[in-house]
Amino acid sequence: MDYISYLRSMVGHEKVIMVVAGVLVFDQDDRLLLHLRSDNRSWGLPGGYMEMGETVSDAARREVFEETGLRLGQLELFSIYSGSDKETTLENGDQVAMVQIWFTCSDFTGSLVRQNEESLDAEFFRLNDLPENLFASHKPIIEEYAAGTTGPIID
């Protein structure tokens, strides 16, 4: 049983704090990796919830691998977001207060997996030519990076 299932078996849909780890991955042409999420059919950054026993960087690397097939090397901290604007109720009724930790990385190996259980597609995009249907909670993160904001951002 994964951590979320274990936790939800005890608290049901009540609000809990969850740690999200994700990565802004860039290729050699400085294009940003996005994947078309299977859960909401919007383009987003690879990332997800941390599991028990993981470090934040391990969680970020695992999520990128699960969603895109790429194995990441050196990570750089970009931002940490938290607060009431990171609280939401998921489609299944679970309430979460997220602490989002985002890294940047241009050090990776492997072949990009275009489709799997979590992703309908994966592709690198130029920052000035991103798809219109970006995942709403990822859009401000990408905009801060594109604006040249230097990390780490702690909010």
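D30 is partly exposed, with a relative accessible area of 45%; partly exposed here sits between buried (under 20% relative accessible area) and exposed (over 50%), using a 1.4 Å probe and protein chains only. D30 lies in the loop between strand 1 and strand 2, where strands (E, at least two residues) and helices (H or I, at least four) are DSSP runs numbered from the N terminus. Its phi is positive, about 65°, although D30 is not a glycine. R41 has a positive phi too, about 55°, and is not a glycine either. You'll find R41 in the loop between strand 2 and strand 3, and R41 is exposed, with a relative accessible area of 58%.

A quick word on the model. It is predicted, so local features need pLDDT of at least 70 and side-chain atom pairs count only at pLDDT 80 or more, while totals for chains, interfaces and linings use all residues. Residues are numbered from 1 along each chain as its sequence is written, and side-chain values use heavy atoms, with hydrogens and water left out.

**Salt bridges**

Side chains of opposite charge can pair when their charged atoms come close. The structure holds 9 salt bridges, each one a side-chain nitrogen of Lys or Arg within 4 Å of a carboxyl oxygen of Asp or Glu. Here are some of them:

| Pair | Closest N to O |
|---|---|
| D94 and R8 | 3.3 Å |
| E66 and R62 | 3.2 Å |
| D121 and R114 | 3.8 Å |

Take the D94 and R8 salt bridge. D94 lies in the loop between strand 7 (87–89) and strand 8 (95–105), and R8 in helix 1 (residues 3–11), so the pair ties together parts that are 86 residues apart in sequence. Both D94 and R8 are buried. E66 and R62 are another story: they sit 4 residues apart in helix 2 (residues 56–68), about one helical turn. E66 counts as partly exposed at 31% relative accessibility. E66 and R62 also belong to a network of salt bridges that links them with E54 and E63. As for D121's partner, R114 is partly exposed at 45% relative accessibility.

**Helix 2**

Helix 2 has 13 residues and reaches 18 Å from its first C-alpha to its last, close to the 18 Å expected at 1.5 Å a residue; that expected span is 1.5 Å times one less than the number of residues. A59, A60, E63, V64, E67 and T68 are its buried residues. They cover an arc of only 130° around the axis, which puts them on the same side of helix 2; the arc is taken from the directions from the helix axis to the C-beta atoms. The buried residues pack against strands 1 (16–25), 2, 4 (47–49), 5 (71–72), 8 and 10, with contact meaning heavy atoms within 4.5 Å. Right after helix 2 comes G69, with a positive phi near 85°.

**An open sheet**

Strands of a sheet pair through backbone hydrogen bonds, either parallel or antiparallel. Here 3 strands form an open sheet in the order 3-2-10, with antiparallel pairing. Strand 3 (43–44) and strand 10 (119–125) stand at the edges with a single partner strand each, so one side of each is left without a neighbour in the sheet. Strand 2 (residues 32–37) and strand 3 run antiparallel and are joined by 2 bridges; two strands pair if DSSP finds at least two bridges between them. L36 stands opposite W43 in strand 3.
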